[in-house]
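This briefing goes through selected features of one chain, grouped by topic. Please read it alongside the sequence and the coordinates.

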Amino acid sequence: MTTCATAVARTLADCGVGHAFGLVGGGNVLATAALTRAGVHYTAARHEGGAMAMADAYFRATGRVAVCTTTHGPGLANTVTALAEAAKNRSSVVLLCGDAPVAGPRAHDIDQSALAASLGVPVVRPTDPGTVVEDTVRAVRTATAGQCPVALFLPADLTDRELSAVPVTMAPPPPQAHAGDSVDVDEILTLLSGARRPLLLAGLGAWRSGAVKILTDLGDRLGALLATTVMANGMFAGHPAALGLCGGFASPPAAALMGEADVVLAFGAGLDDFTLHGGRILDPAARVVQVTLEGARAPRADLAVRGDAAAVATRLLDAADEHGLIRSPWRERAAASGALRRAAGGWAALPHPDASGGGRIDPRTLTRALAPLLPADRTVVLDGGHFIGWPAMYWPVPDPAGMVFTGAAFQSIGLGLAGAVGAAVGRPDRTTVAAVGDGGALMGLPELDTLVRSGRSALVVVYDDASYGFEEHMYVPRGADAATLRFADTDFAGVARALGARAVTVRDLDALDVVREWTTEGAVGTLLLDCKISRDVLAPFLSDLLGH
């Protein structure tokens, strides 16, 4: 006989789920045991929120569905921040969690379905052993086709219930791309026919649709310059017309070219204030076309088109040829003037005054010096905070799977170390480089232990300014009490060594020799850099927003 917990686990494995991250308790310990028996690899987290962030990062780095498993009640409650982040990032994750019995809630139970629904997370809650396999398949299908996390709640009185028949797994069908042939592109063609300086902007939705080649071909056909959102960083890496990131992380030469665009085609990009740098990055007169699966028009978009990025781009490329659309000469002019070369140089080609001193290192000097020391095959994981400007400015990534920006969608911090675990487990062929602030590192510190235990190749760079830097720069000039934002230095290197990592405190560039040694030796295990940075250097993205 097969129990419901065993049937759920086998079904998840049969649906292609290969890895689970979790923390066990009474509500999920038997289901987790069934997962490992079914051949699903398991990483034990130290906190449920960390487990969810790991599963989210695993999906972002690999494109494959992962499971986060927790116990009921407080176990689920502890996932909320990371679960909200996964929902807003549209990550395909299955949250396998215990729940109140079908017979009725106990005194300590909460309405878990209402909690998940408040975060925009669909819920699948089996109530009959006879449908548990079908319900599990539905959860995986919803997560993949809907590009969202799904909560699979297993009631306590169902876990050990036996099934009267051997379950047969119905594997979920592969997700189907939205049709592009039916999209009317005439209005887009009209805009392009009058465009002198077209810009093609790709977001995470474009990457997930597999649109790299078709968007590159479309850009070449239109003579457009190419840019990406931070979430699609690296999508056009190496292309001679690529400008890099759109938004506050753009280098001044690249931002200047983006500001010249008169028509912008945005594929799979949300066009939020972060991408548009508070409206500063594009010419107010530029016409903007937004192509998304939802078809909901952002305030800055003049035209919204609902469809899959790859499908719509294919239709548009065919239509451009059919209508004999004239190619813009903007690329050639930008190349001849040297503007493209200056944009390609990025921040690394621009000098800055070194503000190092007093035992603290300028974060620009630090990050720029680290860039050539990092393995080329890398996954960069960012936590949230003021420091994000530096790695985003100076560390390129090979493709969007090489950029896992935790907390960006929900504006949170503390998920970076857990995200590093998920990325490292998902992409062992790449070295994980995690950049975290001191505040986020302390919030997520338990998962440094998990990262060390994983045995994966990981470099953790702690930008320690002993403060909540974003809030200090943003709000102290407006009357906030700096004493509420500043702290004494934390010995992150000492903590890391106690957990089994290799670690060094960085106050000058000489300390970076340890990175050279680590990479020369094969970048084995976890190396943590406890970087004591100056709190007086303001990142350009924030400087612009503050009007400095």
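A523 sits in the loop between α22 (513–520) and β20 (526–532). This is a predicted model, and in it A523 has a positive phi of about 50° although the residue is not a glycine. The points below begin with positive phi values and then turn to the α1/α2 packing, a buried arginine and the chain as a whole.

**Positive phi values**

- A523 has a relative accessibility of 6%, under the 20% limit, and therefore counts as buried.
- Q411 is also a residue other than glycine with a positive phi, in this case near 55°.
- The loop that holds Q411 runs between β16 (403–405) and α17 (416–426).
- Q411 has a relative accessibility of 68%, over the 50% limit, so Q411 counts as exposed.
- G16, just after α1, takes a positive phi of about 100°.
- G223 follows α10 and has a positive phi near 75°.

**Helix α1 and its packing on α2**

- Helix α1 covers residues 4–14 and helix α2 covers residues 29–37.
- The two helices pack with their axes 8 Å apart, at an angle of about 40°.
- This angle makes α1 oblique to α2, because it falls neither under 35 degrees nor within 65 to 115.
- The crossing of α1 and α2 is right-handed.
- On the α1 side the contact is made by A5, T6, A9 and L12, and on the α2 side by A31, A34, L35 and R37.
- By class, the residues of this contact divide into six nonpolar, one polar and one charged.
- Eight of the 11 residues of α1 are buried, so the helix is largely enclosed by the rest of the structure.
- The buried residues of α1 are C4, A5, T6, A7, V8, A9, T11 and L12.
- A5, T6, A9 and L12 thus appear both among the residues that contact α2 and among the buried residues of α1.

**R331 and helix α10**

- R331 belongs to helix α13, which spans residues 330–336.
- Is R331 buried or exposed? R331 counts as buried, because its relative accessibility is 9%, under the 20% limit.
- Leaving out residues up to four places away in sequence, R331 touches G219, D220, G223, A224, L225, L226, H239, A241 and L340.
- Helix α10 spans residues 212–222, and its buried residues include I214, L215, T216, L218, G219, R221 and L222.
- G219 is therefore listed both as a buried residue of α10 and as a contact of R331.
- G223, the residue with positive phi that follows α10, is another contact of R331.

**The chain as a whole**

- The secondary structure of the chain comes to 23 helices and 20 strands.
- For 548 residues, a compact globule would have a radius of gyration near 24 Å; the chain has 24 Å, so the two agree.
- The C-alpha trace spans about 75 × 65 × 50 Å along its principal axes.
- Of the 548 residues, 57% count as buried.
- Which share of the contacts between residues at least 6 apart in sequence joins residues at least 24 apart? The share is 76%.

Conventions. Residues are numbered from 1 along each chain as its sequence is written. This is a predicted model: local features need pLDDT of at least 70, side-chain atom pairs count only at pLDDT 80 or more; totals for chains, interfaces and linings use all residues. Side-chain values use heavy atoms; hydrogens and water are left out. Axes are lines fitted to C-alpha atoms, for helices over the stretch in contact, and angles run from 0 to 180 degrees between N-to-C directions. Helices (H or I, at least four residues) and strands (E, at least two) are DSSP runs, numbered from the N terminus. Angles under 35 degrees count as roughly parallel, over 145 as roughly antiparallel, 65 to 115 as roughly perpendicular and the rest as oblique. A crossing is left-handed if the near helix is turned anticlockwise from the far one by less than a right angle, and right-handed if clockwise. Contact means heavy atoms within 4.5 Å. Ala, Val, Leu, Ile, Met, Phe, Trp, Tyr, Cys and Pro count as nonpolar, Asp, Glu, Lys and Arg as charged, and the others, Gly among them, as polar. The radius of gyration is taken over C-alpha atoms; the globule rule is 2.2 Å times the number of residues to the power 0.38. Buried means under 20% relative accessible area, exposed over 50%, partly exposed in between (1.4 Å probe, protein chains only).
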